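Student: Before I head back to the bench, could you walk me through this structure with a few questions and answers?

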Amino acid sequence: MREALNLAQQAAQAGEVPVGALLVQEGRILGYGHNSPLSACDPSAHAEMQAIRMAARALNNYRLPECTLYVTLEPCCMCAGVIQHARLKRVVYGAADPKTGACGSVVDLFSDPRLNHHTRILGGVCAEDSAELLRCFFRARRS
């Protein structure tokens, strides 16, 4: 998660919302990214999407069933949908997102029994560090 926080800081330095993500399989980093929708002019350029895309290319497979995604902010519905389709084994996130979180804060896509894949979720890892990055970023934007 510390590496994801470093990636989030890179996003903030680039003027993007500070979210970072790493996708890991058996201790090996397969993909990483940070938010970049502004610089990429791409609304799907979230940290999670960057990490998943990179890992899928590395494994030459869109399914990533033995992988864990570490992300500094609770994934949104878009990212949760991709996590479902990629069949990730686990997501570990930092701060909860009370506005768009799809792991229990607003909706819980991963607990819906109608869906055929259920990624395990662990939230609150380095939550205060993740939340502080976001608070500082938005405080600076508002002043």
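Tutor: Sure, starting with a definition: helices (H or I, at least four residues) and strands (E, at least two) are DSSP runs, numbered from the N terminus. Keep in mind that this is a predicted model, where local features need pLDDT of at least 70, side-chain atom pairs count only at pLDDT 80 or more, and totals for chains, interfaces and linings use all residues. Residues are numbered from 1 along each chain as its sequence is written, and side-chain values use heavy atoms, with hydrogens and water left out.

Student: Where is Arg-87 placed?

Tutor: Look at α4 (77-86) and β4 (90-95). Arg-87 sits in the loop between α4 and β4.

Student: Which side chain of opposite charge is nearest to Arg-87?

Tutor: Lys and Arg count as positive, Asp and Glu as negative, while His and the chain ends are not counted. Arg-87 is buried (under 20% relative accessible area; exposed is over 50%, partly exposed in between, with a 1.4 Å probe and protein chains only). Arg-87 has no salt bridge (a side-chain nitrogen of Lys or Arg within 4 Å of a carboxyl oxygen of Asp or Glu). At 11 Å away, the nearest side chain of opposite charge is Glu-66.

Student: And how far from Glu-48 is its nearest side chain of opposite charge?

Tutor: Glu-48 belongs to helix α3 (residues 47-59). Glu-48 is buried too, yet has no salt bridge. Its contacts (heavy atoms within 4.5 Å), not counting residues up to four places away in sequence, include Leu-69, Val-71 and Leu-73. The nearest side chain of opposite charge is Arg-53, and the distance is 9.9 Å.

Student: Is Ala-80 buried or exposed?

Tutor: Ala-80 is in helix α4. Beyond four places in sequence, it touches Pro-75, Ala-102, Leu-109 and Phe-110. Because its relative accessibility is 0%, Ala-80 counts as buried.

Student: How far apart in space are Leu-122 and Tyr-93?

Tutor: Leu-122 lies in strand β5 (residues 120-122). Leaving aside neighbours within four places in sequence, Leu-122 is in contact with Val-91, Val-92 and Tyr-93. Leu-122 and Tyr-93 are 29 residues apart in sequence, but C-alpha to C-alpha they are separated in space by 6.4 Å.

Student: How many residues of the pocket lining are nonpolar, polar and charged?

Tutor: Ala, Val, Leu, Ile, Met, Phe, Trp, Tyr, Cys and Pro count as nonpolar, Asp, Glu, Lys and Arg as charged, and the others, Gly among them, as polar. For the lining of the largest pocket, that gives 14 nonpolar, 4 polar and 8 charged.
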